[in-house]
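I opened a new notebook page for this structure. I wrote down each thing I looked up, in short entries.

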Protein chains: 2
Amino acid sequence: MSSILVIGTVAFDSIKTPFAEADQVLGGSATFFAMAARLFTPVQLVAIVGKDFPHHHLQMFEENGIDLKGLVHADGETFRWKGEYEDNMNVRRTLETHLNVLEQFEPDLPAGYRSAEYVFLANINPDLQLKVLDQLEKPRLVCCDTMNLWIIHQRADLEKVFKRVDILIISEEEAHMLTKEHNIIKAARQILKMGGFSLIIKRGGYGAILFTQNSQVFAIPAYPLEDVVDPTGAGDSFAGGFLGYLAARERMDIETVQRAMIYGNIVASFAVEGFSVERLLTLSRESLRNRLGDFLMMTHLAPASVHVE
Amino acid sequence: MSSILVIGTVAFDSIKTPFAEADQVLGGSATFFAMAARLFTPVQLVAIVGKDFPHHHLQMFEENGIDLKGLVHADGETFRWKGEYEDNMNVRRTLETHLNVLEQFEPDLPAGYRSAEYVFLANINPDLQLKVLDQLEKPRLVCCDTMNLWIIHQRADLEKVFKRVDILIISEEEAHMLTKEHNIIKAARQILKMGGFSLIIKRGGYGAILFTQNSQVFAIPAYPLEDVVDPTGAGDSFAGGFLGYLAARERMDIETVQRAMIYGNIVASFAVEGFSVERLLTLSRESLRNRLGDFLMMTHLAPASVHVE
C-alpha cells in the first residue's frame, strides 16, 4: 500500500441546488479527492488555506489519515466558490469565485513528499501542477484533472502537464472543449495524442469511460441514485476512489484499472448524497462494499451468461 | 422460436444531420423495429402505406422474413416525417409531419395474426395500439413504445395501453415528460405504478436502464460509436433487437431479459451507422456477434475479477 500526494484546492463552497442550499461549507478539489482516497490509503495534502480556516477541519483531515505537512497557512482568506445547479443537476453555473490566498500559492513540497509515487494533480492552475511535478523525484503514477478555465486561458501550460501524466481524468464537457468534437470517441482519439496517458472521461450522471493508448475501452454507467443532494466534488471523489484503489493495490494492469474505475464510481455516488464531505466522512468500508456488490449486479450479466451466442 | 407482431408506422423520412442529409428514405417505427427483430425471428408487420409506396421496399421486407399480410395499402400518400439533429446528435427537432394515410388507419388483423404471442406496439397513436390489443387472443409478451405527442395529447388512452403491457420501452425525455421528475429513479418509480410492466428507459448515446416491479435494476452504457450517421430509428431498433432475442429464446427470466437488452443495444448501434435501414439491411449475424463480444469486453470485468473485496 502506497500513500498518495494530492495538490489542489481547499475551499469554502456556497451551493444552491433546486432542493437545498449550503453556505461556506468545506470544499475544493483536493479536499474531495483526499476524503475519498483516504478510504483506501494515507494521503498527503498539498494546498493553501487562509487564517479563517477553522481548526476543526484540520482535525477532521488528520483524524482521517490525511497528512497536513504540505498544507500552507497563509495570511488572508481561504479560496471561496459559489455555484448553482439546474433542475437536472447535470448543469451548473459558477456565481462567484474568490481566489484569495490561492493567488499567492507557491507549492514547496516538504522533503518527505518528494519521493511520492502516486500523485494526483487535482483541478488547480496548471502552472502549480507543473511546479509540483518539478519537485517530484520519481513518481510512479501521475493522474490529473483540470477545468474549463485552464483549457481556455492556459492551454499551453495545460498541454505541458498532459505530457507528464499517466492518466488524465476529465469531464465530457472538458473533452469537448479541448477538441471541439461532439463525438466522444473522436474527442478521445484527439486527446490521446496530447500525451502518452490513458484517458478517463467522466459523464456526470451517465458514468465514465476509459480509453487507453492501445485502443482498449471500458465503459461503466453511473450508480443510479434516487437522492442526489449536491453533485459538487463528484469528479474529485471519483478520482480519489480510483487512485486510492490503485495505490492500495500497487498494480496498474488493465483489470485493476477497470476495478479502480468502479470503486471511483461508487465513492462518487456516496459523495453526492450530501453537501461538502459529510457523506464521505461517515462512509464505511462495509457500505462501500455493499454498494459495489449492488453495482456489479446491476451492470454485469451473471457469469454463466457472459458468452456470445 | 416465436414470430413477433408489430404495429407502428411505415414512413418516408427526410433527415438533416450536421454532417449529411437524406430525402424521403424508408423509415417509421414499425420499419426499424421489423428490420431489427428479423435478425432473430420472423416478423408480422401491421401498418399502412399509400399508393406511392414503391414495390422494391415491399420486396425488401419480404426478402427479410417480414410478413406483409397486415400491411394496408390505402389511397393517398404514405406518412412523411422531416427532422433535423443538432451538433451532438442527441437532440432532434421535428420540422414537418404529414400523417397522410395514417389518419385513416383502422388496424384489422388478418386471422393468422390474432394468435400472436410476442407483440410490439411501436410508436403510433395509442388508440391504434389499443385496437390491436383488443384483437389479440392471448399475447404472451407485449412491449410498447410511445412519444411526446401522445404523452401530451392522449394521456388517458396511453395509460390504458400501459395497463396492458409487460415491458414499456421509452426514452429518458419521455420518462421526464410522463412524471415531471428529473431524477431517473424517481421517474421510474412513478411510471412503474402506471401498470404492472417492467420499464426500460433508453438514454440515447448513454445506454439504457431496466427497472422491474420487484426493484431489480440493470444498466448498460451505449456501445461507443465513432461515426453516427443518423440516430433516427435507434430506439425502434433497440426494441427490435430486444424483443427479437426474447421471442427467439422464448424465455423471460431476468438473465434473458438482460441479455436481450444488450442485443437491442448492439443492434441499435448498427442502425445509427447509416440512414434509413441501410445498415440493418446488410448486417450479418457475424458482425452482430463480434460487436457483442467487444461490448462485453468493454463493459464487463474479467470473470475472475467480478468479486467484492
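**Entry 1: cysteines**

I began by noting that this is a predicted model. How far is the sulfur of B:Cys143 from the closest cysteine sulfur? I found a distance of 8.7 Å, and the closest sulfur belongs to B:Cys144. I then took B:Cys144 as the starting point, and its closest cysteine sulfur is that of B:Cys143, again at 8.7 Å. A disulfide needs the two sulfur atoms within 2.5 Å. So the sulfur of B:Cys143 is too far from that of B:Cys144 for a bond.

Is B:Cys143 buried or exposed? I read a relative accessible area of 0%, so B:Cys143 is buried. B:Cys144 is buried as well, with a relative accessible area of 0%. I also took the count over all chains, and it comes to zero disulfides.

**Entry 2: the two chains**

I laid chain A on chain B. The fit has an RMSD of 0.0 Å, after a turn of 180° and a shift of 0.0 Å along the axis. That is the relation of a two-fold axis. I then checked the contact residues of chain A, and 100% of them recur in chain B. The same surface serves both copies.

**Entry 3: the open sheet in chain B**

In what order do the four strands of the open sheet in chain B stand? I wrote down S3-S2-S7-S8, with mixed pairing. Strand S3 (21-27) and strand S8 (92-98) of chain B stand at the edges. Each has a single partner strand, so one side of each is left without a neighbour in the sheet. I noted the turn between neighbouring strands of this sheet too: 20° on average, direction ignored.

Next I looked at one pair in that sheet. Strand S2 (residues 11-16) of chain B runs antiparallel to S3(B), and five bridges join them. I picked out B:Phe12, and its bridge partner in S3(B) is B:Leu26.

**Entry 4: the open sheet in chain A**

I repeated the search in chain A. Its open sheet has four strands in the order S3-S2-S7-S8, and the pairing is mixed. Which strands of chain A stand at the edges? I found strand S3 (21-27) and strand S8 (92-98) there, each with a single partner strand. The twist averages 20° from one strand to the next.

Strand S2 (residues 11-16) of chain A is joined to S3(A) by five bridges, and the two run antiparallel. Here I followed A:Lys16, whose bridge partner in S3(A) is A:Glu21.

**Entry 5: a hairpin in chain A**

I moved on to strand S13 (residues 208-211) of chain A. Four bridges join S13(A) to S14(A), and the strands run antiparallel. One of the bridge pairs is A:Ala208 with A:Ile220 in S14(A). S13(A) and S14(A) form a hairpin with five residues between them. In the turn I noted A:Ser215, which has a positive phi of about 70°.

Then I turned to the faces of strand S14 (residues 217-220) of chain A. In a regular strand the side chains alternate between the two faces of the sheet. A:Val217 and A:Ala219 lie on one side, and A:Phe218 and A:Ile220 on the other. All four are buried, so both faces of S14(A) are covered.

**Entry 6: two helices in chain B**

How do the axes of helix H3 (residues 126-135) and helix H5 (residues 155-162) of chain B cross? I read an angle of roughly 35°, and the axes come within 8 Å. H3(B) passes H5(B) in a left-handed crossing. On the H3(B) side I listed B:Pro126, B:Asp127, B:Gln129 and B:Leu130. They meet B:Asp157, B:Leu158, B:Lys160 and B:Val161 in H5(B).

**Entry 7: the loop after S8**

My last stop was the loop between S8 and strand S9 (118-121). In chain A this loop holds A:Asn100. Phi of A:Asn100 is near 50°, a positive value in a residue other than glycine. At 25% relative accessibility, A:Asn100 is partly exposed.

In chain B I found B:Asn100 in the loop between S8 and S9. Its phi is near 50°. B:Asn100 is partly exposed, with a relative accessible area of 26%.

B:Ala111 lies in the loop between S8 and S9 of chain B. At 67% relative accessibility, B:Ala111 counts as exposed. I also noted B:Leu136, 25 residues from B:Ala111 along the chain. The C-alpha atoms of B:Ala111 and B:Leu136 are separated by 9.9 Å.

Notes
Residues numbered from 1 in each chain as written. Chains lettered and ligands numbered in written order. Predicted model: local features only at pLDDT ≥ 70, side-chain atom pairs only at ≥ 80, totals over all residues. Heavy atoms only, no water. Least-squares fit on C-alpha atoms with pLDDT ≥ 70 in both. Contact = heavy atoms within 4.5 Å. Buried < 20%, exposed > 50% of the residue type's maximum accessible area, 1.4 Å probe, protein only. Pairing = 2+ DSSP bridges. Axes fitted to C-alpha atoms, helices over the stretch in contact; angles between N-to-C directions. Left-handed = near helix turned anticlockwise from the far one by under 90°.
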